[in-house]
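Okay, thanks for coming, everyone. I'd like to walk you through a structure that will be new to most of you, so let's get it up on the screen.

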Amino acid sequence: MQKILDAILAGEPGAVAALPVPDFCRGVTLHADEVAMFDGLDGRDKDPRASLHLDEVAVPRPAAGEVLVAVMASGINHNTVWSSIFEPMPTFRFLSRYGKTSPQAARHDLPYHVLGSDLAGVVLRCGDGVTAWRPGDEVVAHCLSVELDHPDGHADAMLDPEQRIWGFETNFGGLAELALVKANQLMPKPDHLTWEEAAASGLVNSTAYRQLVSPNGARMKQGDTVLIWGASGGLGSYATQLVLNGGGTPVCVVSSPRKAEVCRRMGAELVIDRSAEGYRFWSDEHTQDLREWRRFGSRIRELTGGDDPDIVFEHPGRETFGASVFVARRGGTIVSCASTSGYEHTYDNRYLWMHLKRIVGTHFANYREAWEANRLITKGRVHPTLSRVVPLEQTPQAVYDVHHNRHQGKVGVLCLAPQEGLGVRDVELRARHEAAINRFRTEPEPVAG
């Protein structure tokens with residue numbers, strides 16, 4: 001492993017093709033025999049630091065259409081939080097189902113699960129039939145794993161019956177020194193970014209792109225007013241940039257003055273600190289408060305000069321969904337992915353059907369959408385929202401912090417990279433965007449070329 005890392009750090013990534021692949025590497029795992037450890041606890045009381053392990057795991061060899069990647073850096077996403085607390089169900093059920101589909105997939109059905117749905121790294125080995133990539137290529141990965149054996153997946157790969165999220169519903173994810181991906185998950189690493197910056201965007205940027213911009217989502221157009229929940233978080237920080245980049249007006253909802261300031265640094269002018277303004281959309285566990293919906297809608301109109309949101313960018317779920325449906329304009333769109341506050345959404349359907357609104361469900365992105373989202377990063381139109389970086393050993397604590405919303409933007413993880421600031425190839429492009437790249441960091445680290 002050290003020789004592989006030395007070749008990459010020496011700027012000779014092509015040399016890795018001649019180096020042997022180790023039999024074992026370190027990876028962040030869950031153990032199948034521990035899935036009942038949190039039984040009886042509320043989700044907020046489940047502690048990822050108890051369930052996540054850093055283990056030596058066997059390195060899989062790439063089969064046809066697969067690629068083995070040396071992972072320089074990865075990132076924490078909410079699906080890692082869900083995995084770590086075994087909600088909505090233990091991920092070993094996903095691995096078992098996948099393992100039954102083919103002999104190749106059977107390798108994923110193991111008593112441990114290597115997590116992680118982001119990576120930036122270097123191609124080590126390519127399986128049979130891989131022609132677009134070769135050892136030494138610097139890459140990032142999106143997290144869509146598909147088989148494409150069924151016709152439904154060929155208009156939109158997200159509709160493939162065998163669509164899965166890599167590192168969540170498959171094994172050998174990116175929170176490891178070596179990861180196994182399909183060749184059609186790979187995209188070029190942006191040359192002006194460090195390894196940890198490049199790893200930050202794959203899942204959340206692609207998800208936000210499909211949710212807002214794609215014909216499969218809300219079809220955002222210039223001039224649209226977009227309400228963005230959690231606008232300084234992993235998803236919301238990219239949604240805010242995409243709205244600004246596409247000529248729209250973001251209305252950013254956050255939970256603290258610090259997060260409000262981050263949104264303003266991104267260029268957003270309309271910000272609601274929901275904690276400071278005391279919004280409580282539920283009067284008790286079973287009853288939503290229409291008066292709070294109205295107060296919230298009035299605040300949005302006050303900020304926008306009387307406009308209701310054309311689009312509501314939804315991902316908190318249960319806590320906010322009723323308010324989201326209410327405040328969207330007549331004929332507007334509520335576009336929903338994930339449900340970080342709960343999966344059971346309750347809303348007053350009168351405000352949907354009588355006002356001709358639409359609810360659109362989206363989930364990650366197809367390869368083309370992910371490629372377009374990465375292209376915006378590569379061109380410096382959208383920037384990573386990395387706030388802090390931890391070594392692989394501190395992943396459990398980082399997942400705990402994300403679980404309790406103690407973060408902003410994305411939290412990165414160094415896997416093989418020995419320190420932050422490595423991997424920049426285009427120093428000139430980086431210099432033009434340095435301030436934007438670092439705006440989620442309170443004290444940016446110096447970057448080495």
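I'll go through the sheets, then a pair of helices, and then a few single residues.

One thing before we start: what you're looking at is a predicted model.

Let's begin with the six-stranded sheet. It's an open sheet, the pairing is parallel, and the order reads S13-S12-S11-S16-S17-S18. So which strands stand at the edges? Those are strand S13, residues 270-273, and strand S18, residues 358-361. Each of them has a single partner strand, so one side of each is left without a neighbour in the sheet. If you go from one strand to the next, the twist averages 20°.

Let's zoom in on one edge. Strand S17, residues 333-336, pairs with S18 in the parallel sense, over four bridges. If you want a residue to click on, take Ser336, whose bridge partner in S18 is Gly361.

Now, what packs on this sheet? Helix H7, residues 234-245, does, and it touches strand S11 (225-229), strand S12 (249-254) and strand S16 (311-314). The direction of H7 makes about 165° with that of S11. Then there's helix H9, residues 290-304, lying across S11, S12 and S13. H9 runs at about 150° to S13.

Okay, next sheet. This one is also open, but it has three strands, in the order S2-S1-S4, and the pairing is antiparallel. Strand S2 (53-58) and strand S4 (112-114) are the edge strands, and each pairs on one side only. On average, neighbouring strands here are turned by 60° against each other, if you ignore direction.

Strand S1, residues 24-31, is joined to S4 by three bridges, and the two run antiparallel. You can find His31 opposite Tyr112 in S4. There's a helix here too: H4, residues 92-99, lies across S1 and S4, at about 95° to S4.

While we're here, have a look at Phe24, which sits in strand S1. What does Phe24 contact, once you leave aside its neighbours within four places in sequence? The answer is Met1, Glu56, Val57, Ala58 and Val59.

There's another bit of strand pairing to show you, around strand S6, residues 138-141. Glu138 and Val140 point one way from S6, Val139 and Ala141 point the other way, and all of them are buried. S6 has antiparallel pairings with strand S5 (residues 119-126), through four bridges, and with strand S10 (residues 186-188), through three bridges. Val139 is a nice one to follow: it's the bridge partner of Gly121, and it stands opposite Pro188 in S10.

Right, on to the helix pair. Helix H6 (residues 202-212) and helix H12 (residues 367-378) have axes that come within 8 Å and cross at roughly 115°. H6 and H12 are therefore roughly perpendicular to each other, and their crossing is right-handed. Who's meeting whom? On the H6 side you've got Asn205, Ser206, Tyr209 and Arg210, and they meet Glu369, Ala370, Glu372, Ala373, Asn374, Leu376 and Ile377 in H12. That contact splits into five nonpolar, three polar and three charged residues.

Last part: some single residues. Ile437 is in helix H14, residues 427-437. Is Ile437 buried or exposed? Its relative accessibility is 2%, so Ile437 counts as buried. Not counting residues up to four places away in sequence, Ile437 touches His192, Leu193, Glu197, His383, Pro384 and Arg430.

Now scroll to the loop between H3 and H4, where you'll find Phe86. Phe86 has a positive phi of about 60°, although it isn't a glycine. Phe86 is also buried, with a relative accessible area of 7%. Pro88 lies in the loop between H3 and H4 as well, and the peptide bond from Glu87 to Pro88 is cis, with omega near -5°.

Finally, Leu356, in the loop between helix H11 (350-353) and S18. Leu356 is another residue other than glycine with a positive phi, near 60°. But is Leu356 buried or exposed? At 60% relative accessibility, Leu356 counts as exposed.

That's my tour, thanks for listening.

Methods. Residues are numbered from 1 along each chain as its sequence is written. This is a predicted model: local features need pLDDT of at least 70, side-chain atom pairs count only at pLDDT 80 or more; totals for chains, interfaces and linings use all residues. Side-chain values use heavy atoms; hydrogens and water are left out. Axes are lines fitted to C-alpha atoms, for helices over the stretch in contact, and angles run from 0 to 180 degrees between N-to-C directions. Angles under 35 degrees count as roughly parallel, over 145 as roughly antiparallel, 65 to 115 as roughly perpendicular and the rest as oblique. A crossing is left-handed if the near helix is turned anticlockwise from the far one by less than a right angle, and right-handed if clockwise. Contact means heavy atoms within 4.5 Å. Ala, Val, Leu, Ile, Met, Phe, Trp, Tyr, Cys and Pro count as nonpolar, Asp, Glu, Lys and Arg as charged, and the others, Gly among them, as polar. Two strands pair if DSSP finds at least two bridges between them. Buried means under 20% relative accessible area, exposed over 50%, partly exposed in between (1.4 Å probe, protein chains only).
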